[in-house]
Amino acid sequence: MFNRSQITFVLGFVLIAVGIAVALAVRIVAFSRYMHLEDLGLDVNPAIGAELFSRVVAPTGAERMFFYASVALVPMGLVLLVLGWRGRALAGR
């Protein structure tokens, strides 16, 4: 039904799409947390200094891990995409 090069091509495309989607989602979540706290006025509150505010809105360890893992998926997907495309081109000869 499907040969190996077609599966590799589709898997590469899926890895790229998932990597980009997760990276964007993590960045949007971090930005929304910042905007929520800014809307509450905590960025200018003298009781909460700039150092504490920057620590509260900084990405957590889990967010950083998900972001870097998703960014690592993109080059892996590109490699699979190229290998699948090249395998399809060689099979067509």
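Among the elements of the chain, which helix has the lowest mean pLDDT and which the highest? In this predicted model, helix H2 (residues 50–57) has the lowest value, 86, and helix H1 (residues 4–39) the highest, 94. For the chain, the mean pLDDT is 91, and 97% of the residues reach 70 or more.

**Salt bridges**

The structure holds two salt bridges, listed here with the distance between the closest N and O atoms.

| Salt bridge | Closest N and O atoms |
|---|---|
| Arg 33 with Glu 63 | 3.0 Å |
| Glu 51 with Arg 55 | 3.6 Å |

The pair of Arg 33 and Glu 63 links distant parts of the chain: Arg 33 belongs to helix H1 and Glu 63 to helix H3 (residues 61–91), with their positions 30 residues apart. Arg 33 is partly exposed, at 22% relative accessible area, while Glu 63 has 12% and so counts as buried, the limit being under 20%.

Glu 51 and Arg 55 both lie in helix H2, four residues apart, which is about one turn of the helix. Glu 51 is exposed at 54% relative accessibility, and Arg 55 is exposed at 63%.

**Aromatic rings**

A search of the whole structure gives three aromatic pairs. In one of them, the ring centres of Phe 67 and Tyr 68 are 5.8 Å apart; their planes meet at 65 degrees, so the pair is edge-to-face. Phe 67 is partly exposed at 22% relative accessibility, whereas Tyr 68 is exposed at 55%. Arg 27 lies over the face of Phe 67, 5.6 Å from the ring centre. Elsewhere, ring pairs link Phe 31, Tyr 34 and Phe 53 into a cluster.

Definitions and conventions. Residues numbered from 1 in each chain as written. Predicted model: local features only at pLDDT ≥ 70, side-chain atom pairs only at ≥ 80, totals over all residues. Heavy atoms only, no water. pLDDT = per-residue confidence, 0-100. Helix = DSSP H or I, 4+ residues; strand = E, 2+ residues; numbered from the N terminus. Phe/Tyr/Trp six-rings, centres within 6.5 Å; stacked < 30°, edge-to-face > 60°. Buried < 20%, exposed > 50% of the residue type's maximum accessible area, 1.4 Å probe, protein only. Lys NZ or Arg CZ within 6 Å of the ring centre and 35° of its normal. Salt bridge = Lys/Arg side-chain N within 4 Å of Asp/Glu carboxyl O.
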